[in-house]
Amino acid sequence: MYDLIVIGGGPAGLAAACAAWEGGLRSILIVERDKELGGILNQCIHNGFGLHHFKEELTGPEYAGRFVKLLGETGVEVRLDTMVLEVTGDRQVHMVGKSTGYRVEQARSIVLAMGCRERTRGAIAIPGARPAGVFTAGAAQRYVNMEGWMPGKRVVILGSGDIGLIMARRMTLEGAKVLACVEVMPYSGGLNRNIVQCLHDYDIPLYLSHTVTDIRGKDRVEQVVVSQVDDNRNPIPGTEMVFDCDTLLLSVGLIPENELTRQAGIDIDRRTNGAVVYENMETSLPGVFACGNVCHVHDLVDFVTAESQKAGAAAADYVLNGPDGLDPGVVTSDERLLTVNNGGGVTYTVPQHIRPGRVEKLCGLFFRVNRVCRDSEIRVTSGGAQIARFKREHLAPGEMEHIDLPKALLDKAEGELTISIQEVSK
Amino acid sequence: MYDVLIIGCGITGAATAFELSKYRLKVGVLERENDVALGTTKANSAILHAGYDPEPGTLMARLNVRGVELAQELCAKLDVPYRGCGSLVLAFSEEERPTLEELYRRGMENGVPGLALLTGDEARALEPNLSETVAAALYAPSAAICSPWEYCLALAETAVNNGVELRLNTAVTGLEQTSEGWTVRTSRGEFQARFVVNAAGVDAALVHDMAAPHAFDIKPSRGQYYLLDKSEGDRVGRVIFQCPSKVGKGVLVAPTVHGNLIVGPDAAPSEAHDTATTGDGLRFVRETAQRSVPSVNFRESIRNFAGVRANTAAGDFILEQSAPRFMDLAGICSPGLSAAPAIGEYAAELLEQAGLALEKKDGFVCERRRIRFKELTAEERAALVEKEPAFGRVICRCETVTEGEILEALHSPIPPCSVDGVKRRVNAGMGRCQGGFCGPRVVDILARELKLSPGDIVQDQAGSWLLDRQTKGGNRDV
């Protein structure tokens, strides 16, 4: 029996395990499917990590290394090269590994930190031939940075997500020619700093409101056809541009990897594709917490760390101070509960529910907007009345937003909170 | 000198090789590609049709019904994923009812068991997600689904286990009649054979023309598909057809044996090897399928693909001796997969009639098993990993495929040499991430086991290279 089993040894799992140790748990197991801790950070050899959390600029492996070092100072047990196959409703974890065999472990609490996967060609139904040479940006990144192999010479990138932008620069530095980055939306899906540092600095054109409408080539990609799209994202005939290339990289979105979560019967939010969570990252299954990209896709690892520390601390609190014996449910019968609604301009919020009684001082709230906005107000309303507002000069779908709601304010709210965006003239 | 050389190792060539491997014969199969099942066999609806479509009295009708009857036992013996799920043909209006009645009549005549005409409500009771506009349906309980490439692979592997020689990467370039039979010229030298069987799929007319006067044209017809995630796999429990038209059986919605949902195909004339999808074709498939099952969620798409049907103007399979000791197995469009083992039997009969002595051999083994880690119980998994640790390393996390299964495939009678070859044998890369995660790991295993550089590993057919060159400098082991 473990106090806590953390599924996933990437940045989320590492931060959660460290925080749970600090919170007093002494029997913690991290299960990691890869041969080393650190998750996807290990292949992110560019810098720009840690500006918020460590107040300095680190590479991905360095950022992971800091946490692996911290973990080494605790007594947290780690099983590498071990894949979790099932999580049951009564918190049994089935896992299998080459050296560890097939094991079923019982946990008092669980942190889900499995991360996310990339959307593929099939998910967005790009028409055309099916030659080799179409890779997700993350798979290409693994080939280049971990395996030491270049997946092509002349490259078109579809999607302006951060991994795609990073790979535009990486492939260029390794000697490939990146012909274009193509984005179906009228704005980029990545961080502004990546547009500047990865495209502009290398004279790589960014075609907004464009998409790939055909892939040509028998055995290997030979050409990619790019067309402009209208306001409904339908290709406009006559706008085709043909690129002679051997590689198409896709950076068209990330999907939280929640197969274990679904299997365990945990409620999923169809907007985030992650578990529905409460203010301390607890899911609908008591004692099971979710954090990092498995809960919702983040832009910056620093925020993953903060969220996961919250989840780890909450797991410790659950085990040390939580209910004995039978679980009373995630929300006790006499407890106040607020549901967070997405108002105008907001695509999702995390958490989706808040139990004000369990908030100490501030309740952090993450959300994304559905369009680029200048000079805006984030409005928080409850029962039709505005209870808070926050000013922002710039909001974009590619950049996760964050507000902190004071406990006193939550106490004023009734039943629900609605977050909405209102553009205001200066 | 071969007794029989079969040209092409799709489902038809494999089924014929399997059938002939029961006899005391020296049989060879020449396959142009680096693996079996790379043509129409790997890209179709994966349906074993009940047999009410073909015109009574045709070869298609007879071999379809016989083929699906054989398939059930064969799939069980050869460990091929198979599910007898049944099918429904939908009518959306009173005007379409006569079509159902005609199919019912044909089915009865063809000997299809258990056919029943249902009302719209009865059909919806079986399949709650059917459209409210469904007015009537033809129910055929004997229709089934299978894994077409594993079916082909299982037949070919069993043939090889029973002495058949499979020559991959061997393209036939010419045929010349000799006093004893044929000289077959290929990209890898010449072979002598007493009999030649043409199972060249969409290229069957080209091969025919090497041996006999031009007699038929293959009119390739491309069909495009959606494959949806397992989250949509239970949308229907049976194969859902619409009323067939001149160009094909129309757009279907069906479960797959792998737990996904398949939707398609359209039908459009194409080049023989043009398996590209188009925006218009995919849109047509989406919109047409939603007439049958409006709730199909195409946001759960994990892959699109297209296959090419080897249609001819004949309206029936072309199974005949068209030159001395030269047999055509051509025009194998739908229901070719369903009929395959019966086509194999028929080909053996044709050869016998042409003078080939068929003498059963002792020790024919009709058996095949592979370990499917995902389908094992917790206890079985524990015991397996204890014995063979490679089964403890999960390579494909979407489909829970282990390194042990890949290593087993690499030691099978027809080992894979490509990433997709591994996929067709063990399902690695078939899931929702489409190999994004396991692709590099499969390349790694292939390179290690085949003692090749990762740069030599291809995605699928020869020429489908994956990696260009190593990055500049550095050493990963430093």
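Student: Let's pick a residue to start with. Where does Arg130(A) lie?

Tutor: Arg130(A) sits in the loop between H3 and strand S10 (134-136) of chain A. Keep in mind that this is a predicted model.

Student: Is Arg130(A) buried or exposed?

Tutor: The idea is to count neighbours: a residue is called buried if 20 or more other C-beta atoms lie within 10 Å of its own. Arg130(A) has 24 other C-beta atoms within 10 Å, so it is buried.

Student: Which residues does Arg130(A) touch, leaving out those up to four places away in sequence?

Tutor: Thr275(B) and Phe305(B), so to speak across the chain boundary. For a sense of distance within chain A, take Gly238(A): it is 108 residues from Arg130(A) in sequence, and the two C-alpha atoms are 24 Å apart in space.

Student: Then let's look at the contact between the chains. How many residues does each chain put in?

Tutor: Chain A gives 42 residues and chain B gives 47. On the chain A side, several elements supply at least two residues each: strands S6 (82-87), S7 (92-97), S8 (101-112), S9 (116-118) and S11 (149-150), plus helices H3 (121-124) and H4 (137-147). H4(A) has the largest share of that side, with six residues.

Student: And how does the chain A side divide by class?

Tutor: It has 17 nonpolar, 13 polar and twelve charged residues.

Student: Now whole chains. What does the radius of gyration say about chain A?

Tutor: You compare it with what a compact globule of that length would have. For 426 residues that is near 22 Å, and chain A has 22 Å, so the two agree. The C-alpha trace of chain A spans about 65 × 60 × 40 Å along its principal axes. Buried residues make up 53% of chain A, and its secondary structure comes to nine helices and 30 strands.

Student: What about chain B?

Tutor: Run the check again. A compact globule of 478 residues would come out near 23 Å, and chain B has 23 Å, which agrees. Its C-alpha atoms fill a box of roughly 65 × 65 × 45 Å along the principal axes. In chain B, 57% of the residues count as buried, and there are twelve helices and 23 strands.

Student: How do I read sequence separation in the contacts?

Tutor: Take contacts between residues at least 6 apart in sequence, then ask what share joins residues at least 24 apart. For chain A that share is 66%. For chain B it is 72%.

Student: Next, helix packing. At what angle do H1(A) and H8(A) pack?

Tutor: You look at the axis distance and the crossing angle together. H1 (residues 11-22) and H8 (residues 301-321) of chain A pack at about 40°, with their axes 7 Å apart. That makes H1(A) oblique to H8(A). The crossing is right-handed.

Student: Which residues of H1(A) meet H8(A)?

Tutor: First a general point: an α-helix has 3.6 residues a turn, so residues three or four places apart point the same way. In this case, the H1(A) residues include Ala12(A), Ala15(A), Ala16(A) and Ala19(A), and they meet residues of H8(A) including Val301(A), Thr305(A), Ser308(A) and Gly312(A). By class, this contact has 14 nonpolar, four polar and no charged residues.

Student: Chain B has an H1 and an H8 as well. How do those cross?

Tutor: The axes of H1 (residues 11-20) and H8 (residues 336-353) of chain B come within 8 Å and cross at roughly 40°. They are therefore oblique to each other, and H1(B) passes H8(B) in a right-handed crossing. Residues making the contact include Ile11(B), Ala15(B) and Phe18(B) of H1(B), and Leu337(B), Pro341(B) and Glu345(B) of H8(B). The contact comprises ten nonpolar, four polar and two charged residues.

Student: How do I read the burial of a whole helix, say H6(B)?

Tutor: Count its buried residues. In H6 (residues 204-211) of chain B, six of the eight are buried, so this helix is largely enclosed by the rest of the structure. Among them are Val207(B), His208(B) and Met210(B). The cover includes strands S1 (2-7), S10 (172-177) and S18 (301-311) of chain B.

Student: And how many residues of H11(B) are buried?

Tutor: Eight of eight, in residues 419-426. Charged side chains are listed there too, including Asp420(B), Lys423(B) and Arg424(B). The buried residues pack against helices H5 (148-161), H10 (403-410) and H12 (439-450) and strand S22 (401-402) of chain B. Right after H11(B) comes Asn427(B), with a positive phi near 80°.

Conventions
Residues numbered from 1 in each chain as written. Chains lettered and ligands numbered in written order. Predicted model: local features only at pLDDT ≥ 70, side-chain atom pairs only at ≥ 80, totals over all residues. Axes fitted to C-alpha atoms, helices over the stretch in contact; angles between N-to-C directions. Helix = DSSP H or I, 4+ residues; strand = E, 2+ residues; numbered from the N terminus. Parallel < 35°, antiparallel > 145°, perpendicular 65-115°, else oblique. Left-handed = near helix turned anticlockwise from the far one by under 90°. Contact = placed C-beta atoms within 7 Å. Rg over C-alpha atoms; globule rule 2.2 N^0.38 Å. Buried ≥ 20, exposed ≤ 12 C-beta atoms within 10 Å, placed from the backbone.
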